[in-house]
Amino acid sequence: MLKGINLTLMVGPVVPIPVSQDVIEALTSITVTNSSLEKSGFQLTFSLSNRSPLQTLFLLSGGSIFPIIRVIIIVTINGIPNVLMDGMITNHQITPGTETSYSTLTVTGEDLTVIMDKQDFSGFPFPATPAEGRVALLVAKYAFLGIVPLIIPSVLIDVPIPTNSIPAQQGTDLSYIKELADRVGYTFYIEPGPIPGANIAYWGPQIKVGVPQSALNINMDAFTNVESLNFTFDNNLNAIPTVYIYNEITKVVIPIPIPPITPLNPPLGLIPPIPTRLEPISDNLSKRSIPQAIMMGLAKASQLAEAVTGEGNLDVLRYGRILKARQLVGVRGAGLAFDGLHYVTSVTHNIKRGEYKQSFKLSRNGLISTLPVVVP
């Protein structure tokens, strides 16, 4: 690895252990993708000789993977460990090389949510249990993987009376948790770290506030720390979600437009985009309460308001740290319209021997910075 950057790879069933030096030397590249709305994943590429222990392990397994093979990828920068990925292997394959003595092993995997999507538990009852309690009980089943729940209670805490109805699970644990999150406009994901082997299962609103990461500098001569950064403004993406509530007393359908600005989704741009249309929420909200329908509309509104998007690449050694997804970051030198704070929607780590680069995507709900100065 590069000077000041060290890589640690841990592999094993359930409880992984550091791999041998032979495995590290055979590793040619690592790709890790962290996204705010989709599953995170990774891919490891090894160059194998006929006598490689990885080759032997693959042949002994008959080309199939064990039920649970866990992989933890850790990058230490200036003495600070960063857990990039804690996940499970979902696929691996060997590709013969051009030389008779070498081949390529490609290992692909996803974050720990993949283990929550294996078994269908439809029909499992949760009597007198709110959605928050159901999520906590489902996540607790995976405590052996070091998963700790972080649950933000919603304003709509509904405890069903057992004599009236008993909620029952539908589908796998992951699908049911995401269904409960969608009902109140929440999101669910598993964040690796802060230490190897530990994970945080977050169930709550998508938060776009907090301390921003070190600024991304472009067109600033010696202070430039990104290789490329491009922005796009598409006002056609902006729309106003509209919730239609049926009033049983008056027999009238009431349309409720949802604003995109909330305390958890503040305006990051001084000039918001002008909405071009109304976007009806397709979910059947006639069976839902008004607070529940509004919360689902707020979650949809925050997504439709992201008219400003950006893509770029950086060298971690020059940036000085790792850019993380699901957090804010400052931008300087991109011009008056795009300078300021942005939300990091996804980050892809590309690691090779002697090279560590990141590609990233940003989003914002307006033009021109709301801050007079972006902190470096």
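Trainee: How many cavities of 30 Å³ or more does the chain have?
Mentor: The count comes to one cavity of 30 Å³ or more. A cavity here is a set of points on a 1 Å grid, over the protein atoms alone, where a 1.4 Å probe fits but cannot get out. Points are joined across faces, edges and corners, and a volume is the space filled by probe spheres set on them. This is a predicted model, where local features need pLDDT of at least 70 and side-chain atom pairs count only at pLDDT 80 or more, while totals for chains, interfaces and linings use all residues. Residues are numbered from 1 along each chain as its sequence is written, and side-chain values use heavy atoms, with hydrogens and water left out.

Trainee: How much space lies in the largest cavity?
Mentor: About 50 Å³.

Trainee: Which residues line the largest cavity?
Mentor: Asn-34, Ser-40, Met-85, Asp-86, Asp-111, Ile-190, Glu-191, Pro-192, Asn-199 and Arg-326 line it (each has an atom within 4 Å of a point). The largest share, three residues, comes from strand S9. By type, the lining has three nonpolar, three polar and four charged residues. Nonpolar covers Ala, Val, Leu, Ile, Met, Phe, Trp, Tyr, Cys and Pro, charged covers Asp, Glu, Lys and Arg, and the others, Gly among them, are polar.

Trainee: OK, pockets. What volume does the second largest pocket have?
Mentor: About 730 Å³. A pocket is an open set of points with protein on both sides within 12 Å along at least five of seven lines.

Trainee: Which residues lie nearest its centre?
Mentor: Glu-191, Lys-324, Ala-325, Arg-326 and Gln-327, out of 30 lining residues. That lining divides into 18 nonpolar, nine polar and three charged. Strands S6 (80–96), S9 (187–192), S10 (199–204) and S19 (340–352) each supply at least two of its residues.

Trainee: How many helices and strands in the chain?
Mentor: Six helices and 21 strands. These are DSSP runs numbered from the N terminus, with helices being H or I of at least four residues and strands E of at least two.

Trainee: Which residues of H3 are buried?
Mentor: In H3 (residues 131–140), Ala-131, Glu-132, Arg-134, Val-135, Leu-138 and Val-139 are buried (under 20% relative accessible area, 1.4 Å probe, protein chains only). They cover an arc of only 160° around the axis, so they sit on the same side of H3. The arc is taken over the directions from the helix axis to the C-beta atoms.

Trainee: What covers them?
Mentor: The cover includes strand S8 (147–151), helix H4 (173–183), S9 and S10. The buried residues of H4 are Asp-173, Leu-174, Tyr-176, Ile-177, Leu-180 and Ala-181, and they pack against H3, S9 and S10.

Trainee: What follows H4?
Mentor: Gly-185, with a positive phi near 75°.

Trainee: New topic. Is Thr-28 partly exposed or buried?
Mentor: Thr-28 is partly exposed (between the 20% limit for buried and the 50% above which a residue is exposed), because its relative accessibility is 35%. Thr-28 is found in strand S3 (residues 27–35).

Trainee: Which residues does Thr-28 touch?
Mentor: Thr-45, Phe-46, Ser-47, Ile-351, Lys-352 and Arg-353, leaving out residues up to four places away in sequence. Contact means heavy atoms within 4.5 Å. Thr-28 and Ile-351 are 323 residues apart along the chain, with 8.5 Å between their C-alpha atoms.

Trainee: And what share of the 376 residues is buried?
Mentor: Buried residues make up 46%.
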